[in-house]
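These are my notebook entries on a structure that I had not examined before. I record each item as I looked it up.

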Amino acid sequence: MATPTVVLLPLWSAGHLMSLLEAGKRLLDRAGGRLSLTVLVIPPPTEQLAAEVEGHIRREEASGLDVRFVRLPAVEPPTDFRGIEEFLSRLVQMHAPDVRAAVAALPCPVAALVLDFFCTTLIDVARDLAVPAYVYFTTNAAMLALMLRLPALHEEVTVEFEEVEGDVDVPGLPPVPPSSFPMPVMDKKNPNYTWFVYHGRRFAEADGIIVNTAAELERSALAAIADGRCTPGVRPPTVYPIGPVISFAPPSEQPHECVRWLDAQPKASVVLLCFGSGGFFTAPRAHEIAHGLERSGHRFLWVLRGPPEPGARHPTDANLAELLPDGFLERTKGRGLVWPTWAPQKEILGHAAVGGFVTHGGWNSVLESLWHGVPLAPWPLYAEQHTNAFTLVAAMGVAVAMKVDRKRDNFVEAAELERAVKELMGGGEEGRKAREKAMEMKAACRNAVKEGGSSDAALRRLAEQLVSTNGEL
Ligand SMILES: COc1cc(-c2[o+]c3cc(O)cc([O-])c3cc2O[C@@H]2O[C@H](CO)[C@H](O)[C@H](O)[C@H]2O)cc(OC)c1O
Ligand SMILES: O=c1ccn([C@@H]2O[C@H](COP(=O)(O)OP(=O)(O)O)[C@@H](O)[C@H]2O)c(=O)[nH]1
């Protein structure tokens, strides 16, 4: 009989596609030849993303692994959407007939469909084809607890969450201030919210949820989910914490300019600022950051991107002459580098000169930082990043809190950045604790994924489950 295949359904941004592909490859390894991988590719919505995705596909196809890619036909993407959650959820839903046809046409048994967490509409396709459905949750267990709890919270809280007095109870988390809720939960009348509640409800129907975290990083949230405290009255799905799932590229032959610059800096002396695939700043905001960094007196490597072109979504390479204050580069010469385009973040975080990370708090960035024991100062900008910031500070203790004004489009004053950088890089007790905790998490991350570690064990359980259920449904 042909080797059964696990069908992956990723979305395309850096933090989603690479994460699910890497998780799939780790699963393949643990299955020891008893499973193959099939990746269904939803046509990306922009040319830039399409080119990036094709690059990844070419690399994986050349890797010699048992993985094949099936490109789904294009559909006319929704145009009347109110945000990324609605856009992604509706686009995926429109592809349901193509997904069904592609899976039904596979020439081998299908062990499972593994869906990015915005793809829960496709659980129906899996059920229709009698194939187990798993969700791959690219972010953390705290967010998963919140999303699983959300359908019940929606019934209990009849006003906007912002109007709730005091904190909200999410089992497994410290009391959550509503101001730390993810973007779509801040406006109940918005379709993004409706989709968020929908996905939270459907997660509970999955045969399992694979989460990019490790048991040691988020014990309390994982326990609350497993105990059923987040899903009263509904049996919780089995959760597989298999992280940190980080895909490391082989080191480049020529060291990157940022790395060469870091080579000349003292150990743990540089604060890295980088804001994910979507973060950018206008000139007034960039000035505020520049003043904060200058006054902090610390060394810095700042990955700065400019606003997208009109009608586009991706940050542009920064025009430093337009974005930075006059004389800033000269005044900070030798102790600061501003890098205006994509930077090799993982390599940078692994450099001995880096001692702290001011980050938008995307979960992949967080895991990359903890993998290297680098403490954080979260500056959330979009998606679930306010919740991540809360988790990092209040639950995990690996970050220094920074005052980010959510009502002013996540504005941070120069003086506040200066304070946070000083704290993170050596100032006070909060920074010291975050550094210590980040080092503990570094050890926990590395232990979790090595043979016999908690994430390795979860991955093996998942592989056994997929191999054993195959053909029985
Ligand atoms: C797939 O393409 C994109 C995804 C996102 C996006 O949006 C998003 C919205 C939410 O309300 C909650 C989320 O968790 C979330 C996540 C997300 O993608 C990124 O995922 C990472 C891992 O989960 C990470 O944690 C980052 O914080 C998220 O930004 C957004 C987007 O454009 C803005 C996409 O194109
Ligand atoms: O200049 C950059 C910006 C981002 N990244 C990588 O892009 C991913 C961003 O994922 P994350 O979940 O942190 O945030 P998102 O971009 O999805 O919001 C991470 O792997 C980063 O290392 C990078 O390598 N260089």
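Entry 1, cysteines. I began with Cys-445 in this predicted model and found that it is buried, since its relative accessible area is 0%, where under 20% counts as buried. I then looked up Cys-274, which is also buried, at a relative accessible area of 8%. Its sulfur lies 9.2 Å from the closest cysteine sulfur, that of Cys-258, so the two are too far apart for a bond. Cys-445 takes part in no disulfide either; its nearest cysteine sulfur belongs to Cys-274, 19 Å away. For the chain I recorded a count of zero disulfides, a disulfide requiring sulfur atoms within 2.5 Å.

Entry 2, overall form. I noted 18 helices and 14 strands in the protein chain. Its radius of gyration is 22 Å, close to the 23 Å that the globule rule gives for 473 residues, so I entered the chain as being as compact as a globular protein of that length. Along the principal axes, the C-alpha trace spans about 65 × 55 × 45 Å. Of the 473 residues, 58% are buried. I also looked up contacts between residues at least 6 apart in sequence, and 73% of these join residues at least 24 apart.

Entry 3, surface and charge. The exposed area of the protein chain is about 19400 Å², and carbon and sulfur atoms supply 53% of it. I recorded 46 positive and 57 negative side chains, with the centres of the two sets 4 Å apart.

Entry 4, a histidine. I located His-56 in helix H2, which covers residues 47-61. His-56 counts as buried because its relative accessibility is 17%, and the limit for that class is under 20%. Setting aside neighbours within four places in sequence, I found His-56 in contact with Leu-17 and Met-18.

Entry 5, backbone. As background, I noted that most residues other than glycine have a negative phi and that most peptide bonds are trans. I found a cis peptide bond from Gly-243 to Pro-244, with omega near -5°. Pro-244 sits in the loop between strand E7 (238-241) and helix H9 (257-263). Ala-130, although not a glycine, has a positive phi of about 55°. It belongs to the loop between helix H5 (123-128) and strand E5 (133-137), and at 44% relative accessibility Ala-130 is partly exposed. Ala-268 likewise is not a glycine and has a positive phi, about 50°. I placed Ala-268 in the loop between H9 and strand E8 (270-274), partly exposed at a relative accessible area of 41%.

How values were computed: Residues are numbered from 1 along each chain as its sequence is written. Chains are lettered from A and ligands numbered from 1 in the order in which they are written. This is a predicted model: local features need pLDDT of at least 70, side-chain atom pairs count only at pLDDT 80 or more; totals for chains, interfaces and linings use all residues. Side-chain values use heavy atoms; hydrogens and water are left out. Helices (H or I, at least four residues) and strands (E, at least two) are DSSP runs, numbered from the N terminus. The radius of gyration is taken over C-alpha atoms; the globule rule is 2.2 Å times the number of residues to the power 0.38. Buried means under 20% relative accessible area, exposed over 50%, partly exposed in between (1.4 Å probe, protein chains only). Contact means heavy atoms within 4.5 Å. Accessible areas come from the Shrake-Rupley method with a 1.4 Å probe; for residues, only the protein chains shown count as cover. Lys and Arg count as positive and Asp and Glu as negative; His and the chain ends are not counted. The place of a charge is taken as NZ of Lys, CZ of Arg, CG of Asp or CD of Glu.
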